[in-house]
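Q: Could you take a close look at one part of this model for me, the place where the two chains meet? I'd like the contacts walked through one by one.

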Amino acid sequence: MLTISNLHAGVADKKILRGVNLQVNAGEVHAIMGPNGSGKSTLAGVLAGREAFEVTEGEVLYEGKNLLAMDPEERACEGLFLAFQYPVEIPGVTNNYFLRAALNSIRKHQGKPDLDAAEFLKLVKEKIKILHMPDDLLKRPVNEGFSGGEKKRNEIFQMAVLDPKLCVLDETDSGLDIDALRTVADGVNALRRPDRAMVVITHYQRLLQYIIPDRVHVLSGGRIAKSGGKELALELEAKGYDWVKETEPALAGA
Amino acid sequence: MTVDAKQPFLKAIDELERTPRSANFYALRQTARTQFRELPFPTPRTEDWRFTSVAPVLQTPFEPARQASELNAALLPPPSAPDAVRLTFVNGWFAPKLSTLGQLPARIAIGNLAHAKLEETLQLARIAAADEQVFTALNTALIHDGAFVLVPDHVVVDRPIEFLYLALPGGEHLAITPRTLIVTGKNSRATLVERYLAVAGADDSYFTNAVTEIALGPAAVLDHYKVQQESLHAFHIANTQVVLGAAANFTTHYIALGGNLVRNEVRVRFEGQNAEATVNGLYLAAGKQHLDSYTVIDHAVPNCASHELYKGVLADQAHGVFNGKIFVRQDAQKTDAKQTNKVLLLSDAATINTKPQLEIFADDVKCTHGATIGQLDADQVFYLQTRGIPAEQARRLLTYAFANDIVSRIKIEAIRDQLENVLVQRNL
Ligand SMILES: Nc1ncnc2c1ncn2[C@@H]1O[C@H](COP(=O)(O)OP(=O)(O)OP(=O)(O)O)[C@@H](O)[C@H]1O
Ligand SMILES: [Mg+2]
């Protein structure tokens, strides 16, 4: 579903990603861990099409297509979803209005008719329950005044409504209390499907106890420094990232 | 140039006096004529007009509109509410056939100024100062038809009253001088809409010089709207002047969509304690439009509150001006005044001049003001895009959201809908 090859990217004169390779197949869940500033959000941003990041080398194939040539909205319409590490507040636009505009835009791309207000409401009511979100969040402006945890839940809620094929979750677990973490993890698990893949960026092993990954990768120094099964997360928790850096001497000069 | 620019108007004032219908307000007009002759037109050195040049107005040989033109009722816009009462004026002249008075409480006096009883117009030209504002003096010197409404004490008007000022320029450089008088009594309640609108297809330049006088009695509540949708070739200079009695509650929304060169002044003066005024505005300008909003809130007595929020959206090479004055006089203790001006610039070539001006002579007051000027937030646009919304639609949505802060406060659904349409469709 997603093939990242030798991806180099950065901002202005700063290189952040230095040759990332990653293959994610449909139905899989991949976890990406790694120290602060290692480039995890940059990778997510490049996938979603954030303009600030310049790709200097490499390619990204999404369902066989050149992802990097698409506008961000086209990527979304083709089924890519990014749950932001820092969801953006949009005062003056209600969650409801926003989500309906988004869903109808995606449906239009798929050649499907618009959902009217009633049909939309029905769909949304269904999804909102899964995430135990209060109904009134729908009527409030997007993320404005939401608590940190509510913002994260709202991201997953949007994901549930928009029904993407490839989900990239950037630290959706940070800032969640234990109950919310469970809810969000349950929400994410409910979305697991054989034709859907997930890339879960996290610092904590805890999330991966709920969302069991097929593969765990460590991003360090702008590269995937180590990959392994779900046990790798536990090992990292015990040994810290220095251990990865030490076992990958090749990276020292990178 | 200034003297020359006045000549056609002085001539028109004198001609108007020779027409039979002009006996009313003769003294008012004569006084105003003298004031008009003596007051200078603003120049670039006039402090309150620094950012707005009236030269284009003065250089055009405008002819005062002399008579109502015939107009097909089908060309009228839908009313502000299904049950709204409407007085229509074409080029400043009353059009009875295009007006509907419908069901109003019996004691309300409403109609054409030219036919009002003397006791119904006692406040005319007493609220708006013709001795300081040259354009107000000009309007007053030309008073003929106009809209007036008197809401007696304790009367509640349950439907909007709309004064519709239509421009139908047709080939000439017309000067149109709409005049409005609104007086509401003790404990009364009313909603009033002024609309300035060009008949579709009017692409000749014309000059609207409007004056609106509003007086609220003690504990009166008035919800006032002015929707300015002149043609993009029009000049619009207007003075809305308001006085508030004790415990009165006045809300006004000025919505500016049209006009080539526009100067809209709102002056609110507190004359009784415990009154409250909400003075809001929204201006949307594109192309080469120049929209100037000038407001004065005069806290002349203690214990009053004013809330002012003006928002502007400027695209292309549009030029916006906001000048907000707040006076807190020495006696006006416990004044609570808040002013906010926010501007969204959609293009690098759009400009805004914003100037808050607080003059506070009392010590126990709460006064705040703030101005922000910004562009669309790239992170917000990106966020919407990542959800599948095309960039262009995202920008419109965010522009709408910015303006919605004002739009959502409008209590008349038809005006809200109209604005929503403009915001969604117009290429701002
Ligand atoms: N727009 C930008 N301008 C300058 N530097 C940037 C920009 N975006 C990211 N960086 C830098 O690139 C590096 C990688 O940032 P990134 O946000 O990808 O890290 P991360 O792995 O997500 O970290 P965290 O775990 O703290 O979220 C950091 O040093 C960051 O400061
Ligand atoms: Mg990050």
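A: Let's start with a salt bridge: in this predicted model, the side chains of B:Arg387 and A:Glu155 come together at 2.6 Å, N to O. That pair belongs to an interface where the rule finds two salt bridges between chain B and chain A. Polar contacts add to the picture, with eleven residue pairs counted between chain B and chain A, both partners at pLDDT 80 or more.

So where on chain B do the touching residues sit? Two elements give two or more residues each to the side facing chain A, namely α5 (378–385) and α6 (391–407) of chain B. Sorted by class, that side of chain B has nine nonpolar, six polar and two charged residues.

On to the overall tally. The contact draws 17 residues from chain B and 30 residues from chain A. Interface size is often quoted as the accessible area lost when the parts come together. Here the area buried between chain B and chain A comes to about 1800 Å², and carbon and sulfur atoms supply 66% of that. In chain B, the residues losing the most area to chain A are B:Phe382, B:Tyr383 and B:Arg387, which together account for 41% of what that side buries. B:Arg387 thus turns up in both lists: it makes the salt bridge with A:Glu155, and it is one of the residues of chain B that lose the most area to chain A.

Notes: Residues numbered from 1 in each chain as written. Chains lettered and ligands numbered in written order. Predicted model: local features only at pLDDT ≥ 70, side-chain atom pairs only at ≥ 80, totals over all residues. Heavy atoms only, no water. Contact = heavy atoms within 4.5 Å. Buried area = accessible area lost by both parts, 1.4 Å probe. Salt bridge = Lys/Arg side-chain N within 4 Å of Asp/Glu carboxyl O. Polar contact = N/O pair within 3.5 Å; in protein donor to acceptor, adjacent residues only side chain to side chain. Helix = DSSP H or I, 4+ residues; strand = E, 2+ residues; numbered from the N terminus. Nonpolar A, V, L, I, M, F, W, Y, C, P; charged D, E, K, R; others polar.
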